[in-house]
Amino acid sequence: MKEKFSARRLCRAGVIAALYVALSYLVQPFAFGAVQMRLSEALTVLPLFFVESVPALFIGCLLTNLGGLGVYDIIIGSLTTLLAAICTYFDKKQISEIFYRNNISHSFQRLCRSVRVFAVGR
C-alpha cells in the first residue's frame, strides 16, 4: 500500500509552493495588476502527476497574492487556484487526453480571474 504522508511528498510540496512564488515574482511587473500574466500558472498541470501539488499550489498562490491586489486577490485568487488544482487532479481519472484536462481547469481559472478583476475595478 502506498504511503499517504512521507518526507518526500512534503519536500516536493514545499518545492512546488516555492517555485510558484519564485516564478510569480520573476515576472513581477506582469504578475500583479488588473491584467495578470503569471508563469507560475504553468504549474497547475502538476496535479496530474502529484497529489501533493494541490495544496502546494494553493499555498504558493496564497503567499504570492499577499503582495497583490489586496483581500480580493488573496481570497478569490487563491481559492481559484485551489479549485482549478482539484479539478485537474480529478480530471486525470475521468478524461484521457491531457490537452482537454488542462483546458477545463484553465477555463475555470480564466472565468474566476475575470470576475475578480471586474470586482476590484469597481
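This note goes through the salt bridges, a buried arginine, the nonpolar core and the aromatic pairs of a predicted model.

1. Basis of the note. The model is predicted, so local features need pLDDT of at least 70 and side-chain atom pairs count only at pLDDT 80 or more, whereas totals for chains, interfaces and linings use all residues. Residues are numbered from 1 along each chain as its sequence is written, and side-chain values use heavy atoms, with hydrogens and water left out.

2. Salt bridges in the whole structure. A search of the whole structure finds 3 salt bridges, a salt bridge being a side-chain nitrogen of Lys or Arg within 4 Å of a carboxyl oxygen of Asp or Glu. Arg9, Arg12 and Glu52 are linked in a network of such bridges, and the next two points take this network and then the pair of Arg38 and Asp73.

3. The network around Glu52. The side chains of Arg9 and Glu52 form a salt bridge at 3.9 Å, N to O. This pair links distant parts of the chain, with Arg9 in helix α1 (residues 7–26) and Glu52 in the loop between α2 and α3, 43 residues apart; helices here are DSSP runs (H or I, at least four residues), numbered from the N terminus. Glu52 also forms a salt bridge with Arg12, where the closest N and O atoms are 2.4 Å apart. Because Glu52 lies in the loop between α2 and α3 and Arg12 in helix α1, that pair ties together parts that are 40 residues apart in sequence. Glu52 is buried, with a relative accessible area of 8%, while Arg12, at 26%, is partly exposed; buried means under 20% relative accessible area, exposed over 50% and partly exposed in between, with a 1.4 Å probe and protein chains only.

4. The pair of Arg38 and Asp73. A salt bridge of 3.9 Å, N to O, joins the side chains of Arg38 and Asp73. Here too the pair links distant parts of the chain, since Arg38 is in the loop between α2 and α3 and Asp73 in helix α4, 35 residues apart. Both partners are buried, Arg38 with a relative accessible area of 8% and Asp73 with 1%. The helix that holds Asp73 covers residues 71–94, and the loop that holds Arg38 runs between α2 (28–31) and α3 (53–65).

5. The surroundings of this pair. Contact means heavy atoms within 4.5 Å, and residues up to four places away in sequence are not counted in the lists that follow. Asp73 touches Gln36, Arg38, Asn65, Gly68, Ser78 and Arg116, while the residues touched by Arg38 include Tyr20, Phe32, Cys61, Asn65 and Asp73. The side chains of Arg38 and Asn65 are also joined by a polar contact of 2.8 Å, that is, a pair of N or O atoms within 3.5 Å in which, within protein, one must be able to donate a hydrogen and the other to accept it, residues adjacent in sequence counting only if both atoms are side-chain atoms. Arg38 and Tyr20 are 18 residues apart along the chain, and their C-alpha atoms are separated by 9.1 Å.

6. The nonpolar core. The largest nonpolar core has 12 residues, among them Ala13, Ile16, Tyr20, Leu57, Cys61 and Tyr89; such a core is a set of buried Ala, Val, Leu, Ile, Met, Phe, Trp, Tyr and Cys residues joined through side-chain atoms within 4.5 Å. Helices α1, α3 and α4 are the elements that give two or more residues to this core. In soluble globular proteins, nonpolar side chains tend to be buried together. Tyr20, a member of the core, touches residues including Arg38, Leu43, Leu57, Cys61 and Arg113.

7. Aromatic pairs. The whole structure has 2 aromatic pairs, counted where ring centres of Phe, Tyr or Trp (its six-membered ring) lie within 6.5 Å, with planes under 30 degrees apart called stacked, over 60 edge-to-face and the rest tilted. The rings of Tyr25 and Phe32 have centres 5.5 Å apart and planes at 45°, so this pair is tilted. Tyr89 and Phe90 form an edge-to-face pair, 5.2 Å centre to centre with 70° between the planes. Tyr25 is partly exposed at 32% relative accessibility and Phe32 is buried at 15%; Tyr89 is buried at 17%, whereas Phe90 is partly exposed at 46%.
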